[in-house]
Amino acid sequence: MNAGPLPLTYDECRARFRWAAGASGLPVEAHPIEVRGPHGQELTVDVVHVGSRRPRRALTVLSGVHGVEGFVNSQLQVDLLERLDPESLPDDVAVVLVHAVNPWGMAWWRRQNESNVDLNRNWQRDDVDPIHNDAYDELHPLACPDTPTLPSVDDLMVQALELVERHGLAWVRDAITIGQYRHPDGLHYGGARTEASNRILEQVVAEHLGGVERSLALDLHTGHGPSGEITLLSDDPEGTDQDRFLRRHLGADRVLATVDNPDASTGAKSGQIASGFGRLLGTATHHATSVEFGTTPDEQQLAATYLESWVDRHGDRADPEHARVVWDYRCCFTPPDPGWAATCRTGGAALLDAALQAVVTWDG
């Protein structure tokens, strides 16, 4: 595995991904979106299909659903392409790599897409009437203030602690993170319609996973958990088939059920992509997990998100103070630490290899 520095731009990530596919003799299927990058460049969701064209068993690996988180996860896809021998796969197995699901977010260093939509709260939005997050309505003026200058993080923390004292930590956590559908300029907005990237993913599932009987999807993220550690978020309760599968094949100590689990450090979320694939796969057995590579403490991420959201709504990225906010935000999700990157690449490679082995041996 090449131990060079991580790419820090969408363009370099896409170039490396396409080069690795070409070196393995694999075509790249490019799906452009309408909006452009910061230099006017085309933005695409890229797909590489390895193995059987009509698989019975399939592993799907997504990167860049939350754009700013996508850089180490793009590299993990490149690393997998460089060590995966397509001829070694059984005749009925495929690996489908979807690179930069949110290319605009990767290019602009934002979690959200070009419409301020969190794609991982938006899956099949046209077909789903979500449960509204009433708690977020109370939080929104605090989380997204309309101040003339950068707001005070200290004021945010004081008021957030007051809400914790009034409602409890779980209430505040869920209000912020589970997704909301009333405030288009707010945090974790799930959108009013299915966004272009998720429409592309629906097409990818139909074309590359049609007829599959057993499907495993890994959606790669950064942020949640201790620095460098891997957490596998599952929106199936403990003891279910998915929970047992993930624990048996990917590490029992890594799996965190977010449903019916009072000890979960994050709540269940609406509009999730990887688990949502199952609704398109008919009778197939489908398991999914959001793979989190831990970065910085939650308080640091909250403060960085608070300021970056203000810059997006009211600021100017050419302003040095505002540019620093954007850089600090990016560093929360891709720390400028070679040791962190090396740990994630080593652990991530082992995880992807274990996931592929689980699919290859998945007969019962």
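**Notebook: N116, aromatic rings and the largest pocket**

Entry 1. I looked up N116 and found a relative accessibility of 10%, so this residue counts as buried, the limit for that class being under 20%. I note at the outset that I am working with a predicted model. I placed N116 in the loop between α3 and α4. I then asked which backbone atoms the side chain of N116 reaches. One is the backbone oxygen of P184, at 2.8 Å. Another is the backbone oxygen of G186, at 3.1 Å.

Entry 2. I next turned to the aromatic rings. A search of the whole structure gave me five aromatic pairs. One of them joins W109 and W327, whose ring centres are 5.8 Å apart; their planes meet at 50°, so I recorded the pair as tilted. To be called edge-to-face, the angle would have to be over 60 degrees, and to be called stacked, under 30.

Where do W109 and W327 lie? I found W109 in the loop between α3 (103–108) and α4 (134–143), and W327 in helix α11 (residues 320–333). These parts are 218 residues apart in sequence, so the pair ties together distant stretches of the sequence. I also checked W327 for accessibility: the value is 30%, so W327 counts as partly exposed.

Entry 3. I examined a further aromatic pair, formed by Y329 and F333. Its centres are 5.3 Å apart and the angle between the planes is 70°, which makes the pair edge-to-face. Both residues belong to helix α11 and are four residues apart, about one turn of the helix. Are Y329 and F333 buried or exposed? I found both of them buried.

Entry 4. I then looked up R330 and its charged end. This charged end sits over the ring of W109, at 5.3 Å from the ring centre. The charged end of R330 also sits over the ring of W327, at 4.4 Å from that centre. The two rings concerned are those of the tilted pair in Entry 2.

Entry 5. My last search concerned the largest pocket, for which I noted a volume of about 1,200 Å³. Its lining comprises 50 residues, and the closest to its centre are R173, I176, T177, T266 and D298. Which helix gives the most to this lining? I found that helix α10 (residues 298–314) does, with six residues. Sorted by class, the lining of the largest pocket holds 21 nonpolar, 19 polar and ten charged residues.

Methods
Residues are numbered from 1 along each chain as its sequence is written. This is a predicted model: local features need pLDDT of at least 70, side-chain atom pairs count only at pLDDT 80 or more; totals for chains, interfaces and linings use all residues. Side-chain values use heavy atoms; hydrogens and water are left out. Rings of Phe, Tyr and Trp (its six-membered ring) pair if their centres lie within 6.5 Å; planes under 30 degrees apart count as stacked, over 60 as edge-to-face and the rest as tilted. Helices (H or I, at least four residues) and strands (E, at least two) are DSSP runs, numbered from the N terminus. Buried means under 20% relative accessible area, exposed over 50%, partly exposed in between (1.4 Å probe, protein chains only). A charge sits over a ring if NZ of Lys or CZ of Arg is within 6 Å of the ring centre and within 35 degrees of the ring normal. On a 1 Å grid over the protein atoms alone, a cavity is a set of points where a 1.4 Å probe fits but cannot get out, and a pocket is an open set with protein on both sides within 12 Å along at least five of seven lines; lining residues have an atom within 4 Å of a point. Grid points are joined across faces, edges and corners, and a volume is the space filled by probe spheres set on the points. Ala, Val, Leu, Ile, Met, Phe, Trp, Tyr, Cys and Pro count as nonpolar, Asp, Glu, Lys and Arg as charged, and the others, Gly among them, as polar. A polar contact is a pair of N or O atoms within 3.5 Å; within protein, one must be able to donate a hydrogen and the other to accept it, and residues adjacent in sequence count only if both atoms are side-chain atoms.
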